[in-house]
Amino acid sequence: MCAIAGIVRYDQPADQSRPAVECMLHRMRHRGPDDLGVLVDSHAALGNARLSLMDRTHGTQPMTSPDGRWHLTYNGEVYNWRELRQELRDRWTFRSDVDTEVVLAALALWGEAALKRFNGMFAFFLWDDETQTGFAARDRLGVKPFAFMHEHGVFAFGSEAKALLALLDTPRA
C-alpha cells in the first residue's frame, strides 16, 4: 500500500503547493512508511508515500522519464508488468526493476491505450511537462482509491479523502 497526492494549479508556481502536498502525505503516512517523495514542476506538485516492496533503491517516486517530460505518482500493482516490460524494452531504457517504471513507460509510449493492457489494481496521476497537462486513472474496480477535488482553478488529489481536507479553509463533513 502506498499513497499518492498532488496539486495542479496554473495561477501560481507549483513550489508554493509543496507544503500542502507534504501535509497531505503526512496524513496518509500509514500507507507508505518507507519513503516520502515530492516533485515540483512548473504547475504540478506531486507526492508519494511509498511502501517499498521491490527495488528499494531505484523505485522512488514520483518517478520521472529519462527525458524529463513525464512525471508519475503511482499506487498499486500491475501484475503483468514483466510481460509489458518485454514489449517496451526496445523503445525504453529501464533504470529500475519496478512496475512503476513500466507503467510510466507504457503511458508515455502508448498513452491512454495503455490502460487496457494493465492487469492489476492501481491509481495514478501522470504529468506531462511538455503540454502542462495531467492524466489520472484508477483500476476498473476502484480497488486503489483516488479522491479528488476541483475548486477555484485548483485540482487536488490523494489516495484518501482526508488528505484533501488539509486543503480546505473550513471544516467539511
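1. Glu160 and its surroundings. In this predicted model, Glu160 touches Met28, His30, Arg31 and Ala147, leaving out residues up to four places away in sequence. Glu160 belongs to the loop between S9 and helix H4 (161-165). Its relative accessibility is 16%, so Glu160 counts as buried, the cut-off for that class being under 20%.

2. Ser17. A second loop residue to look at is Ser17, placed between S1 and H1. With a relative accessibility of 4%, Ser17 is also classed as buried. Apart from neighbours within four places in sequence, the contacts of Ser17 are Ile7, Arg9, Gln12 and Ala45.

3. Aromatic pairs: Tyr10 and Trp127. Searching the whole structure gives 11 aromatic pairs. One of them joins Tyr10 and Trp127, whose ring centres are 6.5 Å apart. The planes of these two rings meet at 40°, so the pair is tilted; stacked would require under 30 degrees and edge-to-face over 60. The two residues come from distant parts of the chain, 117 residues apart. Tyr10 is in the loop between strand S1 (3-9) and helix H1 (18-27), while Trp127 is in strand S6 (residues 120-128).

4. Exposure of that pair. Are the two partners buried or partly exposed? Tyr10 has a relative accessible area of 47% and is therefore partly exposed. Trp127, at 0%, is buried.

5. Aromatic pairs: Phe125 and Phe157. Here the ring centres lie 4.7 Å apart and the planes are at 25°, so this pair is stacked. This pair, too, links distant parts of the chain: Phe125 sits in strand S6 and Phe157 in strand S9 (residues 154-158), with their positions 32 residues apart. Both Phe125 and Phe157 are buried.

6. The phenylalanine cluster. Which residues do ring pairs link into a cluster with Phe125 and Phe157? They are Phe146, Phe148 and Phe155. The stacked pair of point 5 is thus part of a wider set of linked rings.

7. Charges over rings. Two arginines are placed over aromatic rings. The charged end of Arg85 is over the ring of Phe94, at 4.4 Å from the ring centre. Arg117 lies over the face of Trp110, and the distance to the ring centre there is 4.1 Å.

Conventions:
Residues are numbered from 1 along each chain as its sequence is written. This is a predicted model: local features need pLDDT of at least 70, side-chain atom pairs count only at pLDDT 80 or more; totals for chains, interfaces and linings use all residues. Side-chain values use heavy atoms; hydrogens and water are left out. Rings of Phe, Tyr and Trp (its six-membered ring) pair if their centres lie within 6.5 Å; planes under 30 degrees apart count as stacked, over 60 as edge-to-face and the rest as tilted. Helices (H or I, at least four residues) and strands (E, at least two) are DSSP runs, numbered from the N terminus. Buried means under 20% relative accessible area, exposed over 50%, partly exposed in between (1.4 Å probe, protein chains only). A charge sits over a ring if NZ of Lys or CZ of Arg is within 6 Å of the ring centre and within 35 degrees of the ring normal. Contact means heavy atoms within 4.5 Å.
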